[in-house]
Amino acid sequence: MAKFLLFLVVIAVIYFVVRASNRRNKPPAATATESMVRCAHCGVHFPGAEAVSGDGGDYCCEAHRRLGPGP
Ligand SMILES: [Zn+2]
């Protein structure tokens with residue numbers, strides 16, 4: 001009987017560990033599918049949510065938006 005209870009505890013622990021790791025893995029997967037945009041000044045790629053919109057497109061930061069489109 002004690003072995004059966006230990007078996008149940010092991011199964012429960014595995015279940016919670018798998019569930020916790022699945023929850024932890026979901027946010028990075030969501031950000032990986034997030035659209036990437038290119039800075040019109042320096043050309044670096046970054047998540048669209050961080051984009052600073054300005055003349056000529058999106059920029060990686062406020063400084064590059066002020067400098068405008070690069071070469
Ligand atoms: Zn930039």
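So, Val52: you'll find it in strand 3, which covers residues 52-54. Keep in mind that this is a predicted model.

Is Val52 buried, exposed or something in between? Partly exposed, because there are 14 other C-beta atoms within 10 Å, and a residue needs 20 or more to count as buried.

What does Val52 touch, then, if we skip its neighbours within four places in sequence? The list is Asp58, Tyr59, Cys61, Glu62 and Arg65. Take Glu62 from that list: it sits ten residues from Val52 along the chain, and the two C-alpha atoms are 6.4 Å apart.

Now step back one position to Ala51. Again leaving out neighbours within four places in sequence, Ala51 has contacts with Val37, Asp58 and Tyr59. Asp58 and Tyr59 should sound familiar, since they turned up on the Val52 list too.

And which residues form the largest nonpolar core? Five of them: Cys39, Ala40, Ala51, Tyr59 and Cys60. So Ala51 is in that core because it belongs to the joined set of buried nonpolar residues. Tyr59, a contact of Val52, is a member of the core as well.

Okay, zooming out to the whole chain. We have two helices and four strands, and reading from the N terminus the order goes α-β-β-β-β-α. There are 71 residues, and 10% of them are buried. Last number from me: if you take the contacts with a separation of 6 or more, 18% of those link residues 24 or more positions apart.

Technical notes
Residues numbered from 1 in each chain as written. Predicted model: local features only at pLDDT ≥ 70, side-chain atom pairs only at ≥ 80, totals over all residues. Buried ≥ 20, exposed ≤ 12 C-beta atoms within 10 Å, placed from the backbone. Contact = placed C-beta atoms within 7 Å. Core = buried A, V, L, I, M, F, W, Y, C linked by C-beta atoms within 7 Å.
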